[in-house]
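Let's take a walk through this fold, starting with the strands and working inwards. Keep the model open as you read.

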Amino acid sequence: MSYVDRDTYGIYKNRLSDEGPGPRLMGADTLLGNDVYNSKEEDLGDIKEIMLDMTTGKVAYAVLSFGGILSLGEKLFAVPWNALKLDTKNKRFTLDVDKERLESAPGFDPDRWPDMADETWANEVHSFYGTQPYTHETGTTRH
């Protein structure tokens, strides 16, 4: 499913092109359920949730659902927001990770979410994806 399919308010109506969805700002609800692929055209899953840092107002992670059948055996992954790229042509996100490598990513059970504010956990996630925590982008630190 794409952000266009979930656009119940008409945010993107008459604003779509290959250059972008139109607005630089996108509705968070329209991004839930969006497919995530890698550069090899492998389906890596879909976005289940978007995690916001309430002290900075920044998007920290997209929670990616990967594996399992009909949610059985499903594993969730917190993917740093800055590791995802919007593919406006295919109306989905891309993540530069091979499917086999994603299987070894730090993940969690849907019934046992980690403390995503924990810096040790965050460092492990960012190290895996080769990204910097968003708090480093502006020089701010998490408290």
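How many bridges join strand E5 to E6, and do they run parallel or antiparallel? E5, residues 84-87, is joined to E6 by four bridges, and the two strands run antiparallel. Bear in mind that this is a predicted model.

Two of those pairings are handy landmarks. Leu 84 has Leu 95 as its bridge partner in E6, while Lys 85 is partnered there by Thr 94. Thr 94 turns up again on the E1 side, as the E6 bridge partner of Tyr 37. That takes us to the pairing of E1 with E6, which is parallel and rests on two bridges.

Now zoom out to the whole sheet. It is open and built from seven strands, ordered E5-E6-E1-E2-E3-E4-E7, with mixed pairing. E5 and strand E7 (107-108) sit at the edges with a single partner strand each, so one side of each has no neighbour in the sheet.

Next, the turn between E5 and E6. Their hairpin has four residues between the strands, and one of them, Lys 91, takes a positive phi near 55°. That's worth a second look, because most residues other than glycine have a negative phi. Glu 41 is another case: its phi is positive, near 65°, and it is not a glycine either. You'll find Glu 41 in the loop between E1 and E2. A glycine with a positive phi can be seen too: Gly 130, just after H3, has a phi of about 70°.

What lies across the strands? Helix H3 lies across E3, E4 and E6, and runs at about 80° to E4. Its buried residues are Trp 121, Ala 122, Val 125, His 126, Phe 128 and Tyr 129. Looking down the axis of H3, you'd see these buried residues fall within an arc of 155°, so they line one face of the helix. The spacing makes sense because an α-helix has 3.6 residues a turn, so residues three or four places apart point the same way. On the face of H3 turned away from the buried side are Thr 120 and Ser 127, which are exposed. Glu 124 belongs to H3 as well, and it counts as partly exposed because its relative accessible area is 47%, between the 20% and 50% cut-offs. The C-alpha atom of Glu 124 is 7.5 Å from that of Pro 106, although 18 residues separate the two along the chain.

Helix and strands come together in the core. In soluble globular proteins, nonpolar side chains tend to be buried together. Here the largest nonpolar core has 33 residues, and the members touching the most others are Leu 95, Leu 102 and Tyr 129. At least two core residues come from each of strand E2 (43-52), strand E3 (59-66), strand E4 (75-80), strand E6 (92-95) and helix H3 (119-129). E3 gives the largest share, six residues.

Leu 95 is a good place to see how these pieces meet. Setting aside neighbours within four places in sequence, its contacts include Val 36, Tyr 37, Leu 44, Leu 64, Val 79, Leu 84 and Tyr 129. The last of these, Tyr 129, is one of the buried residues of H3.

Finally, the charged groups. Side chains of opposite charge can pair when their charged atoms come close. The model has four salt bridges. In one of them, Asp 98 meets Lys 40 with an N to O distance of 3.3 Å. This pair ties together distant parts of the chain, 58 residues apart: Asp 98 is in the loop between E6 and helix H2 (99-102), and Lys 40 is in the loop between strand E1 (35-37) and E2. Asp 98 counts as partly exposed because its relative accessibility is 34%.

Another salt bridge joins Lys 48 to Asp 46, with the closest N and O atoms 3.5 Å apart; Lys 48 is partly exposed, at 39% relative accessible area.

Which residues are linked in a network of salt bridges? They are Glu 41, Asp 87 and Arg 92. Within that network, the side chains of Arg 92 and Asp 87 meet at 3.7 Å, N to O, and both residues are buried. Glu 41 is the residue whose positive phi we came across in the loop between E1 and E2.

Conventions
Residues numbered from 1 in each chain as written. Heavy atoms only, no water. Core = buried A, V, L, I, M, F, W, Y, C linked by side-chain atoms within 4.5 Å. Buried < 20%, exposed > 50% of the residue type's maximum accessible area, 1.4 Å probe, protein only. Contact = heavy atoms within 4.5 Å. Pairing = 2+ DSSP bridges. Axes fitted to C-alpha atoms, helices over the stretch in contact; angles between N-to-C directions. Arc of directions from axis to C-beta.
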